[in-house]
Amino acid sequence: MQSPPFRISRWPIAVPFIGWIALLGAPLLATNLPLWPLLAMALAGTVFAAVHHAEVVAHRIGEPFGTLVLAVAVTVIEVALIVSAMLGGGPDKAGLARDTVFAAIMIVCNGVVGICLFIGGLHHREQDFQIRGSSAAMAVLAALSVLTLVLPNYSHAAPGPLLTRPQLAFAGAVSLILYGAFVFVQTVRHRDYFLLPGISDESVHAPPPPPAVAWISAGLLLICLVAVVGLAKALSPTIEHAVSKAGAPAALVGIIIASLVLLPESLAALRAARADRIQTSLNLALGSALASIGLTIPTVAAIFIWTGDPLELGLSPKDSLLLFLSLIVGAMTLATGRTTILQGLVHLVVFGAFLVFALSP
């Protein structure tokens, strides 16, 4: 029987242009009412539209390329937000990249993985995944996170959580090399490590869109990404003012940014877990954490080496301890090839501890 033709939804086409209209037109509105609700709604819609178009492109090229496209698209948004907020922000923004990357790791490795394992366990009792692919991703994540977020605290060449220019160049190069190697292994060398045996792309996806639709979505994805950067930059002062007025730690800004850009991807991972595709959920989650470090650190390192401004990368002792706990729990979770609600609950408890101590250091 012939598959029904692939239909393009209207809202993902309209929303990016609505976002641009809100971005360009909001400052021109002669009103005393606050504009941030309009910008926030436009930003949320544009983020979801961006992820929709990334999924269409991913749908066309198949797994594990699909999860890679989504992870990279979300991380490009995150990197753009971080860089736009840090440039011109002065010394107060020197730790924003560190806070956002650390928040992304904790949200993904504990929050997203935890809820996926828990919901998947409730619906399917046990779920299987490939140990070889997940453990490889965890090994790269452990090396990247410790080298870039913990090691700077133990360097004597620069005071505090700072690195010298050669050390910063090394951290950026290592991050890019390790992430590039992981992508090569995931998509070329050992692609089968990231697919469950006996499950093809067609069994977990609807019929793929035609090439013309995929190219249209690729173009709209680019439009969405640029609009998201502009909208988030316009909202940044409101977010920072709200955090400051509430008396919350400055690190909360990084958590908000990471949560914002990871929300649509988190929902995609949760849908996969409920559909008994925990392998896709883990590919999305771990791939996002790796992309967050592997793309953010080299970008900000290159910019701050060029500008000569200080860049704080080292975590506090409390955050370092939470990172080590997350890596240990993650390694033990991925050591069996099977997941249950208990493992999901453990990850969620660690995530809860991260939130509590972030809001009340």
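At 15% relative accessibility, D319 counts as buried, because the cut-off for that class is under 20%. In this predicted model, D319 is joined to K318 by a salt bridge, with 2.8 Å between the closest N and O atoms. K318 itself is partly exposed, having a relative accessible area of 27%. This pair therefore brings together a buried residue, D319, and a partly exposed one, K318.

Salt bridges appear elsewhere too, and the structure holds five of them. One of these links the side chains of R98 and D99, at 3.1 Å from N to O. Both R98 and D99 are buried. The picture grows when E312 is added, since R98, D99 and E312 are linked in a network of salt bridges.

Another salt bridge is found between R338 and D128, where the closest N and O atoms are 3.4 Å apart. R338 belongs to strand β2 (residues 338–339) and D128 to strand β1, so this pair ties together parts that lie 210 residues apart in sequence. R338 has a relative accessible area of 41% and is partly exposed. D128, at 37% relative accessibility, also counts as partly exposed.

Turning to the helices, two packed helices are described by the angle between their axes and the distance between the axes. For helix α6 (residues 165–189) and helix α10 (residues 278–307), the angle is about 150° and the axes are 8 Å apart. Angles over 145 degrees count as roughly antiparallel, and α6 and α10 are therefore roughly antiparallel to each other. The crossing of α6 past α10 is left-handed. On the α6 side, the residues making the contact include R165, L168, A169, G172, Y179 and F182. From α10, the contributors include L290, I293, G294, P298, F304 and I305. Sorted by class, the contact of α6 with α10 comprises 15 nonpolar, three polar and one charged residues.

Two loop residues deserve a look for their backbone angles. R125 is not a glycine, yet it has a positive phi of about 65°. This residue sits in the loop between α4 (96–124) and β1 (127–128). With a relative accessibility of 71%, R125 counts as exposed, because that class begins over 50%. D276, likewise not a glycine, has a positive phi of about 65°. The loop that holds D276 runs between α9 (251–274) and α10. D276 has a relative accessible area of 37%, and is therefore partly exposed.

Notes
Residues numbered from 1 in each chain as written. Predicted model: local features only at pLDDT ≥ 70, side-chain atom pairs only at ≥ 80, totals over all residues. Heavy atoms only, no water. Axes fitted to C-alpha atoms, helices over the stretch in contact; angles between N-to-C directions. Helix = DSSP H or I, 4+ residues; strand = E, 2+ residues; numbered from the N terminus. Parallel < 35°, antiparallel > 145°, perpendicular 65-115°, else oblique. Left-handed = near helix turned anticlockwise from the far one by under 90°. Contact = heavy atoms within 4.5 Å. Nonpolar A, V, L, I, M, F, W, Y, C, P; charged D, E, K, R; others polar. Buried < 20%, exposed > 50% of the residue type's maximum accessible area, 1.4 Å probe, protein only. Salt bridge = Lys/Arg side-chain N within 4 Å of Asp/Glu carboxyl O.
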